[in-house]
Amino acid sequence: MYHFKEPKEAYEITRQFIRDGKSAGVIEFPPYITFELVNACNFRCIMCPASYMKRQKQEMDFSLFKKVIDEILRYGSLIRFIGYEEPLLYSRIKDAIKYVKRKGLLLHITTNGSLLNDETIKVFVDNKVDSIIFSFQGLTKEEYCFMRNVRPEMYDKVIANIGVLYRARKGRKPYIKITTTTTDRDKIYDKNKFIKEHLNYTDEVQVTGFTHFIHIDQGSDKKNIWQELGISRPQKKENVKCFIPNYEMLIKGDGNIYACCGDYTDSLLIGRAAEKNLFDIWHSKKAEILRKTINSGDLDKFKNCAVCPIRYKYKNIDSTVVNSRTGRVEKFSKS
Ligand code: SF4
């Protein structure tokens, strides 16, 4: 059904779906499918809800993973290893990469970059993983270390790891990108320096003007997070409707399937991969009812939607993307 040559084509399908005014309907099958392979991370970032959750470590059974990938192969969706996790902690990560790529599907991975080593870099390069995002925080090493709760040596290690991958890749795969979000704590004059510096070992750098803390404020005992960090609370928007469950699917380590990639609360469950195939879950009554509620804007019904960033207005959401291959600079603002 889909025949993507690059990961960005999967996102273009959803943009086209929205542009065509079809977002109130449901896409036949999600053009990209997200896997949270293991519910664990080696970082304890201040801005991540996973840092405040007590979770029993659970990872995806590899035969279930293969069954799901075999079904996705019929549709050709982009596979993404992202989530409230560090995907390189999955014990079968190398097998998972090899399996997806051997089947001919496109694969994207988002990682904090701390666990890369010669062996994983070789697996990325040899199997031609299509794209990798290294997620950062803030615009300086100091802010990264503060927000991510790590020592300066860890920042240096991440930068070194990205450099090794950048030099090792053949055929320009994986496409390497660094993304960061900022807060009031960051100084705008550090932005150009951040971009210039990181373009030395990436294909693309993206800086976005907000870091979300509402879920920390409302989901943990950190009610004073705003004062503690010296940042302002964003304003809530009125009458927000969401159509993301009409084209997104998340599969977690226990095989449960959710209607939004940002579901860290498990409140948007639509089915279980071990019990049914993905297509039937996607078109199930349960998924349809959930979509109807969310599409109508009744977002307080779901724990995850209640604290979702799309419901908040940030003063300065100025997103800049710079591509080192083409030199292209894109700026876009949302409110
Ligand atoms: S969590 Fe946010 S993006 Fe996801 S379905 Fe709910 S409102 Fe939409």
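**Backbone features, helix packing and ligand shell**

In the predicted model, residue N239 is found in the loop that connects strand 7 (235-236) to strand 8 (249-252). The phi angle of N239 is near 50°, a positive value in a residue that is not glycine. Most residues other than glycine have a negative phi, and most peptide bonds are trans. A cis peptide bond is present between K173 and P174, with omega about 0°. P174 belongs to the loop between helix 6 and strand 5 (175-181).

The protein chain as a whole contains 12 helices and 13 strands. Its radius of gyration is 19 Å, close to the 20 Å given by the globule rule for 335 residues, so the chain is as compact as a globular protein of that length. The C-alpha trace spans about 50 × 50 × 40 Å along its principal axes.

Two helix pairs were examined for packing. Two packed helices are described by the angle between their axes and the distance between the axes. In one pair, helix 2 (residues 62-73) and helix 3 (residues 93-102) have axes that come within 11 Å and cross at roughly 20°. Because angles under 35 degrees count as roughly parallel, helix 2 is roughly parallel to helix 3. The crossing of helix 2 with helix 3 is right-handed. On the side of helix 2 the contact is formed by F62, F65, K66 and I69, and on the side of helix 3 by D95, A96, Y99 and V100. By class, six residues of this contact are nonpolar, two are charged and none is polar.

In another pair, helix 4 (residues 118-126) packs with helix 6 (residues 152-168) at an angle of about 35°, and their axes lie 10 Å apart. Helix 4 and helix 6 also form a right-handed crossing. The residues that meet are I121, F124 and V125 from helix 4 and V164, L165 and A168 from helix 6. The contact of helix 4 with helix 6 has six nonpolar residues and neither polar nor charged ones. Helix 6 is also the helix that precedes the loop holding P174.

The ligand is surrounded by residues C242, I244, P245, C260, G262, I294, L299, F302, N304, C305, C308 and I310. Cysteines in this shell include C242, C260, C305 and C308. The shell is made up of 10 nonpolar and two polar residues, with no charged residue. G262 and N304 are the polar members.

Technical notes: Residues are numbered from 1 along each chain as its sequence is written. This is a predicted model: local features need pLDDT of at least 70, side-chain atom pairs count only at pLDDT 80 or more; totals for chains, interfaces and linings use all residues. Axes are lines fitted to C-alpha atoms, for helices over the stretch in contact, and angles run from 0 to 180 degrees between N-to-C directions. Helices (H or I, at least four residues) and strands (E, at least two) are DSSP runs, numbered from the N terminus. Angles under 35 degrees count as roughly parallel, over 145 as roughly antiparallel, 65 to 115 as roughly perpendicular and the rest as oblique. A crossing is left-handed if the near helix is turned anticlockwise from the far one by less than a right angle, and right-handed if clockwise. Two residues are in contact if their C-beta atoms, placed from the backbone, lie within 7 Å. A residue is near a molecule or strand if its C-beta atom, placed from the backbone, lies within 6 Å of it. The radius of gyration is taken over C-alpha atoms; the globule rule is 2.2 Å times the number of residues to the power 0.38.
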